[in-house]
Amino acid sequence: MSKTLKICKKYFVTAVILISMVCMVVSVGPINANAATSVNVPVLCYHVVTNNPSGTYQFSLSEFKNQLAYLKKNGYTTLSMNQFIQIMNNKAAAPSKPILLTFDDCTSDFASNVVPALSQYGMKATQFVVSSWVNTSGHLTSAQLKSFSGKGYDIQCHTVSHISLKGQSYSKQYSEIQNNKTAINSYTGITPSVLAYPYGPYDQNTITAQQNSGIKMGFTVNGGLCNSSTNKYALPRAVIVNGDSLTTFARKITKGY
Ligand SMILES: [Zn+2]
């Protein structure tokens with residue numbers, strides 16, 4: 001073999017290796033994107049967070065802060081509702097260890113306890129609002145909702161009067177959802193697009209009423225994790241209850257129950 005041929009061969013081999021490497025990088029891209037779209041997202045459901053919790057649906061503020069510290073220490077990323085919707089629809093890749101924090105019933109501790117704790121960690125959350133409770137004793141005011149909206153907090157639907165939707169007539173369910181949506185829009189200027197079902201139950205009328213009011217997703221309180229193939233009107237949430245230890249919390253964010 002002549003010297004020139006040897007050099008040519010060397011360059012050819014180098015070129016083949018380089019091309020192979022480029023091909024590998026290119027092919028890894030779409031694989032990662034597919035992996036990201038099938039990611040499981042835990043969605044937590046809180047109610048009252050307070051110094052002196054009583055009853056199942058009130059949770060200790062100090063334990064809540066421990067949970068947020070746990071999320072930070074373990075590399076979780078809290079999602080905005082818009083990010084969550086994009087991930088569920090395969091429109092965006094999920095960040096590392098995504099999690100959605102939700103709070104139901106627009107109780108006033110959200111302003112006094114929850115928001116200060118979350119902002120300390122730079123974490124995002126969603127508040128599901130019962131519009132007939134806004135501006136009443138023990139609940140958030142419309143001015144507070146406006147001040148939180150779009151600043152790391154999403155204000156979304158939880159019906160007008162907190163009725164259990166399942167079994168109600170279509171027209172009743174539609175008005176509970178549509179009027180709730182209109183009220184929230186009047187507080188925040190933002191049109192909500194997701195609903196949390198009070199107490200969890202729903203039926204076909206709930207789904208049709210949501211579709212006709214432009215609500216794109218509905219949350220239950222059935223345990224489980226959400227991913228892009230989950231029924232968009234039966235999204236599971238893991239409820240955090242009084243006395244949950246950090247071990248229970250770790251299980252709920254891993255398994256969804
Ligand atoms: Zn509720």
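**Notebook: aromatic pairs, helices and the zinc site**

I counted the aromatic ring pairs in this predicted model, and the count comes to 13 aromatic pairs. I then took two of the pairs in turn.

**Entry: Tyr46 and Phe103**

I looked up the rings of Tyr46 and Phe103 and found a stacked pair, with 4.9 Å centre to centre and 10° between the planes. Tyr46 belongs to strand E1 and Phe103 to strand E5, so this pair ties together parts that are 57 residues apart in sequence. I checked accessibility as well: both Tyr46 and Phe103 are buried.

**Entry: Phe110 and Phe148**

I turned next to Phe110 and Phe148, whose rings form an edge-to-face pair at 5.7 Å centre to centre, with 80° between the planes. This pair also links distant parts of the chain, since Phe110 sits in helix H4 and Phe148 in helix H5 (residues 142-148), 38 residues apart. I noted that Phe110 counts as buried because its relative accessibility is 1%. Phe148 has a relative accessible area of 11%, so I recorded Phe148 as buried too, the cut-off being under 20%.

I then followed the ring pairs outward. They link Tyr46, Phe59, Phe64, Phe103, Phe110, Phe148 and Tyr153 into a cluster.

**Entry: helix H2**

I examined helix H2 (residues 61-73), which has 13 residues. From its first C-alpha to its last, H2 reaches 18 Å, close to the 18 Å expected at 1.5 Å a residue. Which residues of H2 are buried? I listed Leu61, Phe64, Gln67, Leu68 and Leu71. Seen down the axis of H2, these buried residues fall within an arc of 110°, so they line one face of the helix. I recalled the general rule here: an α-helix has 3.6 residues a turn, so residues three or four places apart point the same way.

I also asked what covers the buried residues of H2. The cover includes strands E1 (43-46), E2 (48-50), E3 (58-60) and E5 (98-104), together with helices H4 (109-121) and H8 (246-255). Phe64, one of the buried residues of H2, is also a member of the aromatic cluster. Just after H2, I found Gly75 with a positive phi of about 80°.

**Entry: helix H8**

I repeated the search for H8, whose buried residues are Thr248, Phe249, Ala250, Lys252 and Ile253. The elements that cover these residues include E1, H2, E5 and strand E10 (238-239). H8 is followed by Gly256, where I read a positive phi near 90°.

**Entry: the zinc ion**

I looked up the donors of the zinc ion and found Asp105 (OD), His158 (NE2) and His162 (NE2), at 2.0 to 2.1 Å. Along the chain, the donors follow the spacing D-x52-H-x3-H. Are the two histidines buried or exposed? His158 counts as buried because its relative accessibility is 1%. His162, with a relative accessible area of 10%, is buried as well.

**Entry: Gln210**

I closed with Gln210, which lies in helix H7 (residues 204-212). Gln210 counts as buried because its relative accessibility is 0%. What does Gln210 touch, not counting residues up to four places away in sequence? I recorded Ile177, Leu195, Tyr197, Ile215, Met217, Gly218 and Tyr233.

Key: Residues are numbered from 1 along each chain as its sequence is written. This is a predicted model: local features need pLDDT of at least 70, side-chain atom pairs count only at pLDDT 80 or more; totals for chains, interfaces and linings use all residues. Side-chain values use heavy atoms; hydrogens and water are left out. Helices (H or I, at least four residues) and strands (E, at least two) are DSSP runs, numbered from the N terminus. The expected span of a helix is 1.5 Å times one less than its number of residues. Buried means under 20% relative accessible area, exposed over 50%, partly exposed in between (1.4 Å probe, protein chains only). The arc is that of the directions from the helix axis to the C-beta atoms. Contact means heavy atoms within 4.5 Å. Donors are N, O and S atoms within 2.8 Å of the metal (3.2 Å for Na, K and Ca); water is not among the atoms, so sites may look incomplete. Rings of Phe, Tyr and Trp (its six-membered ring) pair if their centres lie within 6.5 Å; planes under 30 degrees apart count as stacked, over 60 as edge-to-face and the rest as tilted.
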